[in-house]
Amino acid sequence: MKKRITAAILTLTLTLLCTGGLSGCVTADPAADAQGKNITVAISSDTGTMDPAGSIALTYLAYSVSALDELLTYDENGEIEYRAAESYEVNDDSTVWTFHLREDALWSDGSPVTSSDFMNTIRRALDPASGSGYANYLFPIENAEAIYNGEADMETLGVETPDDHTLVFSLTEPCVYFLDLLRLPVYTPSSSQYADSVDSGWDKDPSTSLSNGPFYLAEYVPEQYFVLQKNDHYWNADAVNLDSITYRFFDDTQSMANAYEAGEVDVATSLSSTVMEAYEGSEDLYVTDQIATRYIYMNLNVEPLNDVRVREAVNLAINREELCQIVGNDTEPTYNLVAKYMKNKATGEYFVDEAGQPFEEDVARAQELLAEAGYPNGEGFPELTYNYPTLEMDSDTAQVIQEQLKENLNITINLEAQELQANYSTRYSGEFDLCRMNWTADFADPYTYLSMLLSNSTYNCSGINDPEYDALVGASNSESDPGKRSELLHQAEQLAVGEQFYIIPLFAMKSVNLVNPDITGIRQIPASGALEYRYADI
């Protein structure tokens, strides 16, 4: 097996496409006639809602980093950067957190941002009908989980709004990473005046989709593009240099690279490794470490994946070094769920490097395990289906895994490629055997990964219910000693990934981006490694 395309072929392809039309591009550039400083960013296809209380995906993530202010976040030096809040205080046992909102904070229509707007998102996210995958990150709040499960009334929620500019969270027990959670969608505001339901369409209608950040939604054309304009009502508007940001949707990374080469876009993100090779040495190339893990969910409700011996056999039979050589040199093998490049804030070292590797690949042992499970040489093993998005990297990955498992275990894996949104829906519904998963950190703590395997997690799509694992992760939540907490988290990951083999970790990734060298001030979000343009300039 070998890469399907080389740098030389890519360069030729780019040249031909630039003269013969661009696949996946819109017919007109919405920023072409705009006055002032404007940039156009290429992103993956339109997915999910833009409602922070709803089922979000890539579109929301692109929109929110420039259009919404969280209460506070952390800068690249680990220092607090206040945004919607101007200060906070916490009680002695870290169970009551009080945030004081900026009195000069306004929505993009000039109306005040109030504590009720934060409450609006939280209440709607705790309704399971909203489909929020982040609702479980509200569960540290008193009665939030019971409300989500229909076991308590919303009036018992441990969130108070004593006045328009004060927001108080009462937690069930101390949560040492609570400030990290505040950058998640469910903790950001949505206008009480318009944000009534995830189904009403308010979020993509410029007349009702209000913003409290540097930019606001000015235009949205489904499956083509959306435009963000500078928010003159923003409290820090003087620091905002761009007049607009246009995000254009593309079906694949090749089309994004083509558009950049043709000057149709100023930034193209998350491209294939062939772009890294073609642009080597160019000032346009911008490569960063992604704080992300590409892995596979196994459905424990499907036989024989409910047998830990089968799950271990599949993990041990995959050659990740070979996989990465084929998929691209922007990938590195990983054997963890926690991202390879996530740092331990207490030590400054990569978290996964502070413990032993959860498991070692071993084809002979994998074959023994499969035989012990009743499938010697794969005999009698049912055909399983692997669902994955129709992205080049995922297609290549699927084919390699299919071939390796056939060769090493003599089992058949059927491949089913899906549009990205359909793949999300398949995973959420739990109607799969094997399903591709990619998780980019939402906040700078291993909990953002390990929480997804908790029994009560809204991202637990594969039927995991492990009291021992839940207890380890739960104990880490209130452990204030950094060293002891890290040890609990390492124990939890070892149990889940190296003993029970609930997932199939595959690889970590570099983010290959093309950026117009005239653009300055692009920042990386420390928690995720994603690019942020709110204070960019030309």
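This is a walk through a predicted model, from its open pockets and closed cavities to a helix, a few single residues, the cysteines and some backbone details.

Let's begin with the open spaces. The largest pocket encloses about 610 Å³ of space. It is lined by 26 residues, and those closest to its centre are Glu76, Ile291, Ala444, Pro526 and Ala527. If you look for these in the sequence, you will see their numbers run from Glu76 to Ala527. Two elements give two or more residues to this lining, namely strand E2 (72–74) and helix H5 (178–181). Of these, strand E2 gives the most, with 3 residues. By class, the lining of the largest pocket holds 12 nonpolar, 7 polar and 7 charged residues.

The second largest pocket has about 430 Å³ of space. Its lining is made of 20 residues, with Glu145, Glu173, Tyr447, Asn456 and Asn477 lying nearest the centre. Helix H4 (144–148) and helix H14 each supply at least two of the lining residues, and H14 gives the most, with 4. Here the lining divides into 10 nonpolar, 7 polar and 3 charged residues.

Helix H14 is worth a second look. It spans residues 467–478 and includes Leu472. Leu472 is buried, at 14% relative accessible area. Setting aside neighbours within four places in sequence, Leu472 is in contact with Leu488, Gln491, Ala492 and Leu495. For a sense of distance, take Gly131, which is 341 residues away from Leu472 along the chain: the C-alpha atoms of the two are separated by 27 Å.

Now for the closed spaces. The structure holds 3 cavities of 30 Å³ or more. The second largest of them has about 70 Å³ of space. Its lining includes Met50, Pro52, Tyr63, Leu68, Trp107 and Pro189, along with Trp202 and Leu210. Ser190, Ser191, Thr208 and Ser209 also line this cavity. Counted by class, the lining has 8 nonpolar and 4 polar residues, and no charged ones.

Next, turn to helix H12, residues 420–429. Within it, Leu420, Asn423, Tyr424, Thr426 and Arg427 are buried. These residues lie on the same side of H12, because they cover an arc of only 160° around the axis. What do the buried residues of H12 pack against? Their partners are helix H2 (58–67) and four strands: E13 (292–298), E15 (384–389), E16 (413–418) and E17 (434–440). After H12 comes Gly430, with a positive phi near 75°.

Another buried spot is in strand E12 (residues 285–289), where you will find Thr288. Thr288 has a relative accessibility of 7%, so it counts as buried. Apart from neighbours within four places in sequence, Thr288 is in contact with Lys510, Ser511, Asn513, Gln524 and Gly529.

What about the cysteines? The structure holds 0 disulfides. Cys324 is in none, and the nearest cysteine sulfur, that of Cys435, is 20 Å away. Cys324 is also buried, at 6% relative accessible area. For Cys461, the closest cysteine sulfur is again in Cys435, but at 7.8 Å it is too far for a bond, because a disulfide needs the two sulfur atoms within 2.5 Å. Cys461 counts as buried too, with 10% relative accessibility.

Finally, some backbone details. Most residues other than glycine have a negative phi, and most peptide bonds are trans. Against that background, the peptide bond from Glu303 to Pro304 is cis, with omega near 5°. Pro304 is found in the loop between E13 and helix H8 (308–316).

Two residues other than glycine have a positive phi worth noting: Asn410, near 60°, and Phe501, near 50°. Asn410 is in the loop between helix H11 (392–409) and E16, while Phe501 is in the loop between helix H15 (482–499) and strand E18 (503–515). Are these residues buried or exposed? Asn410 is partly exposed, with a relative accessible area of 32%, whereas Phe501 is buried, at 2% relative accessibility.

Definitions and conventions: Residues are numbered from 1 along each chain as its sequence is written. This is a predicted model: local features need pLDDT of at least 70, side-chain atom pairs count only at pLDDT 80 or more; totals for chains, interfaces and linings use all residues. Side-chain values use heavy atoms; hydrogens and water are left out. On a 1 Å grid over the protein atoms alone, a cavity is a set of points where a 1.4 Å probe fits but cannot get out, and a pocket is an open set with protein on both sides within 12 Å along at least five of seven lines; lining residues have an atom within 4 Å of a point. Grid points are joined across faces, edges and corners, and a volume is the space filled by probe spheres set on the points. Ala, Val, Leu, Ile, Met, Phe, Trp, Tyr, Cys and Pro count as nonpolar, Asp, Glu, Lys and Arg as charged, and the others, Gly among them, as polar. Buried means under 20% relative accessible area, exposed over 50%, partly exposed in between (1.4 Å probe, protein chains only). Contact means heavy atoms within 4.5 Å. The arc is that of the directions from the helix axis to the C-beta atoms.
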